[in-house]
Amino acid sequence: MTTDKYIKNYIDGALAPAVSGQYLDNYNPATGKVYSHLPDSDENDVQRAVEAAGRAFREWSTAEPRTRFRLLMRIADIIEQNMETFARAETMDSGKPLSMSMSVDIPRAQANFRFFATAVLQFGSESHHMPGEAINFTLRQPLGVVGCISPWNLPLYLFTWKIAPALATGNCVVGKPSELTPMTAYLLSKACIEAGLPPGVLNIVHGLGPKAGQAIVEHPKVKAISFTGGTATGQQIARTAAPVFKKLSLELGGKNPNIIFADCNFDEMMVGTLRSSFSNNGQICLCGPRIYVERPLYEKFRDELVKRTQFLKVGDPFSTVADLGALVSKQHLEKVQSYLSLAEVEGGTILCGGNRLEMQGEFENGYFLRPAVIEGLPLECRTNQEEIFGPVVSIAPFDTEAEAIALANGTQYGLSATVWTQDISRANRVAEQLQAGIVWVNCWMVRDLRTPFGGVKNSGVGREGGSEALRFFTEPKNVCVKYG
Ligand code: NDP
């Protein structure tokens, strides 16, 4: 399997350019140069994709679950066999270290297919017995044609996290990856062709969110939208889809707190906190950019965090020694830099990092930034309230458990939270009061695919993962049978 200079849409089982024949540039963030092109699709491409999906639906939805299982496992096998090609493509598109693409992104993408291929074989539904009178049972049927729209930060990982359960439950999919990171979705099209997935079951339309993405959301034959991305985009999607009663799953932004109590295991906490602060340059929705530390530990923590942050090696994402690669785009780099300037205006002190890396040769125009630690910012300021989604953390001390909880809950977001303490009672007490969809205690990013995944408040609506995803992609129908 190989990447190509001109990426194609995958519609009705075939690779094709956009109907308009137009292409967009695809940049390599490490060099700042265009290295490939993707179709600039519009509503005409989406129309073709939805029609193909509609045609494929009857056969796919009524196929034996084992047939779907075998095909999805075959796709997973092909991804696994081509792990390095996929991983190199992911790194080239996103700027993340190859080591991360090889150990996180692509393994997880194939695991998503395996997990949901298998899960659907175990998926049951309920019955409700009315003694002596009737029996109700719940049929869970696929929705039809569904839209799956994903962001650039974990490109294939999040795209397949939606596509796999949608297909496993018998839906046909029109998907759109981020315009910034289209290459692994293109390779996925090739994997589906090689696996023998019937035409139209999965369609991948590349292009701009407000054009191709919006056309998917607006299309009357698309019954549900599973979306991961920014909160403002989620609002726009809800505005479009809610009045026509489409089913919606919205996984949106975050500003996650990391609460560190003085009794924590310091070494484990430091390793975990460095990861939750700067993995993938802080461009993971689950990263913890707001760090609250119990006052007796604060100075020791601050000095150690600054020291370890300064040791992080930023550079060529294909190098084996790089901890951090490039940010995803010039626009995103500028957004992150603007928050660093704002932080100073808001009274913060940048303790380390925040400057653009001076690189030579092919990387001189790459989007590299040194990870930054800021202190001295109040909770209410924009730097602490708005999602930066970059290698920037803000640290502050707290005195009481109640204060820590109030600080943690003090934003519009509620995706995840992390708590470090050796006191199990406190851990449970705090976890119970945190406004978040996911709470990690003494760990971060430990993921079991069976668990519900999603956020509260402005971090989203609905849950993905395990049976939550299988339920989202099926319509429950109650059948009531009265005894004669
Ligand atoms: P965006 O919201 O900008 O884009 C997400 C996807 O939606 C992209 O494919 C984008 O296309 C598309 N899109 C944009 N506008 C529309 C529209 N009007 N209709 C339909 N689709 C549209 O997010 P980013 O790609 O910038 O990703 C970063 C964001 O994702 C962060 O806020 C992060 O927190 C969030 N995120 C949330 C996660 C969660 O699980 N809660 C997980 C990972 C990330 P295009 O790229 O062409 O603009």
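Patches are made of residues with over 30% relative accessible area and no salt bridge, with nonpolar side chains joined within 5 Å. In the predicted model described here, Phe-137, Leu-139 and Val-481 form a nonpolar patch of this kind on the surface. Together the three residues have about 210 Å² of accessible area. Val-481 belongs to strand 20, which spans residues 474-482. The relative accessibility of Val-481 is 37%, so this residue counts as partly exposed.

The ligand is surrounded by 33 residues. The closest of these are Gly-230, Thr-233, Leu-252, Cys-285 and Glu-387. Polar atoms of the protein approach the ligand from both side chains and backbone. On the side-chain part, a polar atom of Trp-152 is placed 2.8 Å from an oxygen atom of the ligand, and a polar atom of Gln-214 is placed 2.9 Å from a nitrogen atom of the ligand. On the backbone part, a polar atom of Gly-230 lies 2.8 Å from a ligand oxygen. Taken on its own, the ligand has 900 Å² of accessible area, of which the protein covers 89%.

Ser-277 is located in helix 9, formed by residues 266-278. With a relative accessible area of 2%, Ser-277 falls under the 20% limit and is therefore buried. The side chain of Ser-277 reaches the backbone oxygen of Thr-273 at a distance of 2.6 Å. When residues up to four places away in sequence are not counted, Ser-277 touches Gly-282, Cys-287, Gly-288, Ile-291 and Val-393.

The structure contains 18 salt bridges. One of these joins the side chains of Glu-80 and Arg-114, with an N to O distance of 2.6 Å. Glu-80 is part of helix 2 (residues 65-81) and Arg-114 is part of helix 4 (residues 98-122), so the pair ties together parts of the chain that are 34 residues apart in sequence. Glu-80 has a relative accessibility of 39% and thus counts as partly exposed. The two residues also belong to a network of salt bridges in which Asp-77, Glu-80 and Arg-114 are linked.

A further salt bridge is formed between the side chains of Arg-429 and Glu-401, at 2.8 Å from N to O. This pair likewise links distant parts of the chain, with Arg-429 in helix 14 (residues 424-433) and Glu-401 in helix 13 (residues 401-408), 28 residues apart. Both residues are partly exposed: the relative accessible area is 38% for Arg-429 and 21% for Glu-401.

The side chains of Arg-450 and Asp-448 also meet in a salt bridge, with 2.7 Å between N and O. In this pair, Arg-450 is exposed, at a relative accessible area of 60%, whereas Asp-448 is partly exposed, at 29%. The two assignments follow from the limits applied, because exposed requires over 50% relative accessible area and partly exposed lies between that value and 20%.

How values were computed
Residues are numbered from 1 along each chain as its sequence is written. This is a predicted model: local features need pLDDT of at least 70, side-chain atom pairs count only at pLDDT 80 or more; totals for chains, interfaces and linings use all residues. Side-chain values use heavy atoms; hydrogens and water are left out. Helices (H or I, at least four residues) and strands (E, at least two) are DSSP runs, numbered from the N terminus. Buried means under 20% relative accessible area, exposed over 50%, partly exposed in between (1.4 Å probe, protein chains only). A polar contact is a pair of N or O atoms within 3.5 Å; within protein, one must be able to donate a hydrogen and the other to accept it, and residues adjacent in sequence count only if both atoms are side-chain atoms. Contact means heavy atoms within 4.5 Å. Patches are made of residues with over 30% relative accessible area and no salt bridge: like charges are joined within 9 Å, nonpolar side chains (Val, Leu, Ile, Met, Phe, Trp, Tyr) within 5 Å. Accessible areas come from the Shrake-Rupley method with a 1.4 Å probe; for residues, only the protein chains shown count as cover. A salt bridge is a side-chain nitrogen of Lys or Arg within 4 Å of a carboxyl oxygen of Asp or Glu. A residue is near a molecule or strand if one of its heavy atoms lies within 4 Å of it.
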